[in-house]
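Work through the exercises below with the model open. Try each task before you read its solution.

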Amino acid sequence: LAGDAMADVEPQAIPSVRAIYAQFFQAIWRTLRRLGVPHAQLDDAVQDVFLVVHRRLHEFDGRSLRGWLYAIALRVASDHRRGTAQRRLVPLPDTLIDPRPDPAHAGELAESVRLLHQLLGELDEPKRTVFVLGELEELSVPEIAAALGENSNTVASRLRAARERFDEAFRRHRARSERRLP
C-alpha cells in the first residue's frame, strides 16, 4: 500500500535556468557583495554563478535549490576574492544594493550599506559566510550546513559566534559615533 501511495507522487520539477535566474538574481548579487566580492567584479561573479547553474543543473538532486545556489555562490565569491588579492585591485567604494533607490533615501541607504560591509569585514571568513547566509539571506542552519558541507552543530556554533562578533563591532561603531556628536 505504501508503495502505491508513493507511485502517485511526482518528483519535484527542476526549474529552468531562466526561472532560477529571475527568482534568485538579486539575492545572489547581494550575497556575493556581502561575501566580499569587490563591486567592480560583481557582474562577472553573478554571471559565473549562473554559468555554473547552467552547466550543472542536470546534477541538481532536487533537495534545496536555494542551498545549492548559495554553495555555488560561496565558491565563486572565494575565487573572486582570491583573484582580487592576487591582482591587488583597489576596491571601488560601496554602492547601493538597489541601483534605482528613491533619491530621498539614497544617502541614508548608501551609508547603511557602507556600514554593513565595514562590520562584515571585521568578521573572519567562516563567520562572515555563516552570518551572511543565516542573518542576511535567512537560510536555515541545515541549509547553510548543506551549502558549506559542514555539520549543523558546527554551523550553529559559528553563527552564534558571528552574531556576537557582529554585535560587538556594531557597539564599538555606535560608541565611536556617539563620542563624535557635540
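**Exercise 1. Describe the overall fold.**

Solution. Read along the sequence, the pattern is α-α-α-α-α-α-α-α. That gives eight helices and zero strands. Keep in mind that this is a predicted model. Next, take the contacts with a separation of 6 or more: 69% of them join residues 24 or more positions apart. Finally, check burial. Of the 182 residues, 36% count as buried.

**Exercise 2. Find which helix gives the most to the largest nonpolar core.**

Solution. Start with the core itself. The largest nonpolar core has 45 residues. Among those with the most contacts inside it are Ile20, Val53, Trp68 and Leu69. Now list the suppliers. H2, H3, H4, H5, H6, H7 and H8 each supply at least two residues of this core. H4 gives the most, with 10 residues.

Then zoom in on Val53. Leaving out residues up to four places away in sequence, Val53 touches Val17, Ile20, Trp68, Leu69 and Ile72.

**Exercise 3. Sort the residues of helix H7 into buried and exposed.**

Solution. Helix H7 spans residues 141-148. Apply the cut-offs: buried is under 20% relative accessible area, exposed is over 50%. The buried residues of H7 are Ile144, Ala145 and Ala147. They lie on the same side of H7 because they cover an arc of only 165° around the axis. Pro142 and Ala146 are exposed on the other side of H7.

Here is the rule to remember. An α-helix has 3.6 residues a turn, so residues three or four places apart point the same way.

Last step: look just past the helix end. Gly149, just after H7, takes a positive phi of about 70°.

Methods: Residues numbered from 1 in each chain as written. Predicted model: local features only at pLDDT ≥ 70, side-chain atom pairs only at ≥ 80, totals over all residues. Heavy atoms only, no water. Buried < 20%, exposed > 50% of the residue type's maximum accessible area, 1.4 Å probe, protein only. Helix = DSSP H or I, 4+ residues; strand = E, 2+ residues; numbered from the N terminus. Arc of directions from axis to C-beta. Core = buried A, V, L, I, M, F, W, Y, C linked by side-chain atoms within 4.5 Å. Contact = heavy atoms within 4.5 Å.
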